[in-house]
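User: I am new to reading protein models, and I would like to go through one with you step by step.

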Amino acid sequence: ETVDETQDLTDGFSLVIDAMKLNGIDTIYGVPGIPITDLGRLAQAAGIRVLSFRHEQNAGYAAAIAGFLTKKPGVCLTVSAPGFLNGLTALAHATTNCFPMILVSGSSEREIVDLQQGDYEEMDQLAIAKPLCKAAYRVLHAQDIGIGLARAIRAAVSGRPGGVYLDLPAKLFAQVINADVGAKSLVKVVDAAPAQFPGPAAVKRALDVLKAAKRPLIILGKGAAYAQADDAIKALVEKSGVPFLPMSMAKGLLSDMHPQCAGAARSTVLKDSDVVMLIGARLNWLLSHGKGRTWGDAPKKFIHVDIEPREMDSNVEIAAPVVGDIGSCVEALLDGMGGSWPKAPADWTGTVTAKRDENIAKMAPRFMNNKSPMDYHGALGALRTIIKERPDTILVNEGANTLDLARGAIDMYKPRKRLDVGTWGVMGVGMGSAIAAAVETGHPVLAVEGDSAFGFCGMEIETICRYKLPVCVVVFNNDGIYRGDGVNTGGGSDPATTAFVKGARYDKMAEAFGGVGVNATTPDDLRRAVNEALDSGKPTLINAVIDPAAGAESGRIGNLNPQSKLRKK
Ligand code: ADP
Ligand code: MG
């Protein structure tokens, strides 16, 4: 393309920004630096909200959760090589979790990279990203920026959502072309995630299996929460009368208080059900692969509602695959049920309800204790009341014991209010998730963090303070990983591998950046401080002092630690 210098000109920087704005991308999470510093500045000047983080991984986690919350790709912008690699962890996480995200990284000169001649931050980023995401693209010419971004958006949100890498070499930003040529090259993506309808035979097959069930169960996963088909899903659950079990990020899709919620009867329903309808949940490790002790001996039939055909039969036989987007599938199932549909058998629903109520009653007193130092239940008792009183608050949760115990303790009342470690059970997603949740929804955020999990992302407390976000971080500080009372059995003065500084004061970190810091040693202290933070909307970090002896090894997943027979405990 020859450039007519007498006409209006545009450049790569402007075209990237114009293409994003044309497609409704209004927020970028990233870390500035060569070669994308000016891109961030210019995007901000053009009205895009650009949030600068302290580490790319956290910016990437923010983009990933923005994708989950909005069904639009969350965008993370990084520098080349090391910044790119930091962001890549989050891109792989997004892909694993089926969240739409685009990682945009600057890169160095192709000519030099390909001949491995040693450029500034040289790395073949496209090749490295490819196996770790859903799709990866590179744009070499300014007039291809529009089509490049369009491809990235479609790949991220259509079908099973996931992470997309978009490689933008430094030279691209400086390329100049005629403005009219540039404007014509932009693409506004129409119907980025087209509806995918299940076939009528698949719907009928699924309903036949459901109708014949004596002990049916519906499992709702984070794909169902993502789909934003809340009303249809509620209608399906209520019309069928089937007990439902929410996976952790689907908690609140229907309220945990719903009479059909079987969350507190998990073991019973997994073991004793005879038909299980999975909606946007995979039979992966989080559901014990659909077999083994957790699932009991009773023969089971699975109905699986998912957009990804290859998910069917991935672990066990699926009697009735229903492939399509969840909104369309659930609507089709509702239609197929017609005017009258037999409710799930009362002896089964009665058994489930009785078990649930029994378990809830058993736990209740533990949440009432006011011990100091706190145990997990005492501290969580305070927080569960707060979420009950403030159901619009977004709860971010990570850690080992802090995660496992909070998941059960804190009831959720509304969809997409619980954000946690997702499919990988990864630590360090908390601050990125909290920032994106505040930015994307405008609701207050309560981040309940293990002290170890917080350590992976804690510097972003500065980001939270800088942008004055309504985020209250509670660090469950038990002086270590899993427990704070580990000993170094090798002797010497080094602490145990799982121990941190004793009596650390994380609250001072918030104070260092102009936020509010509180040291809480009792559930009453904690309740007061969190309520104050949520009322004021001021960035707050509460150091919740937890008994170092209170936790269990690896929380609830200690069974995943490899056990050598030479080292029986
Ligand atoms: P959980 O961990 O909560 O069980 P998973 O991440 O295992 O949830 O499963 C989510 C599933 O939802 C994935 O298999 C994904 O393909 C599916 N999914 C995501 N979005 C949609 C959608 N809009 N329609 C249908 N299925 C979807
Ligand atoms: Mg800890």
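User: How are the donor residues of the magnesium ion (ligand 2) spaced in sequence?

Analyst: This is a predicted model, in which local features need pLDDT of at least 70 and side-chain atom pairs count only at pLDDT 80 or more, while totals for chains, interfaces and linings use all residues. Residues are numbered from 1 along each chain as its sequence is written, chains are lettered from A and ligands numbered from 1 in the order in which they are written, and side-chain values use heavy atoms, leaving out hydrogens and water. Donors are N, O and S atoms within 2.8 Å of the metal (3.2 Å for Na, K and Ca), and sites may look incomplete because water is not among the atoms. Here the spacing is D-x26-N-x1-G, and the protein donors are D451 (OD), N478 (OD1) and G480 (O), at 2.0 to 2.1 Å from the ion.

User: Is N478 buried or exposed?

Analyst: Buried means under 20% relative accessible area, exposed over 50%, and partly exposed in between, with a 1.4 Å probe and protein chains only. N478 has a relative accessible area of 1%, so this residue is buried, and G480, at 2%, is buried as well.

User: In what order do the six strands of the open sheet lie?

Analyst: Strands of a sheet pair through backbone hydrogen bonds, either parallel or antiparallel. Strands (E, at least two residues) are DSSP runs numbered from the N terminus, and two of them pair if DSSP finds at least two bridges between them. In this sheet the order is β3-β2-β4-β5-β7-β6, with parallel pairing. Because β3 (49–52) and β6 (135–138) each have a single partner strand, they stand at the edges.

Definitions and conventions: Helix = DSSP H or I, 4+ residues; strand = E, 2+ residues; numbered from the N terminus.
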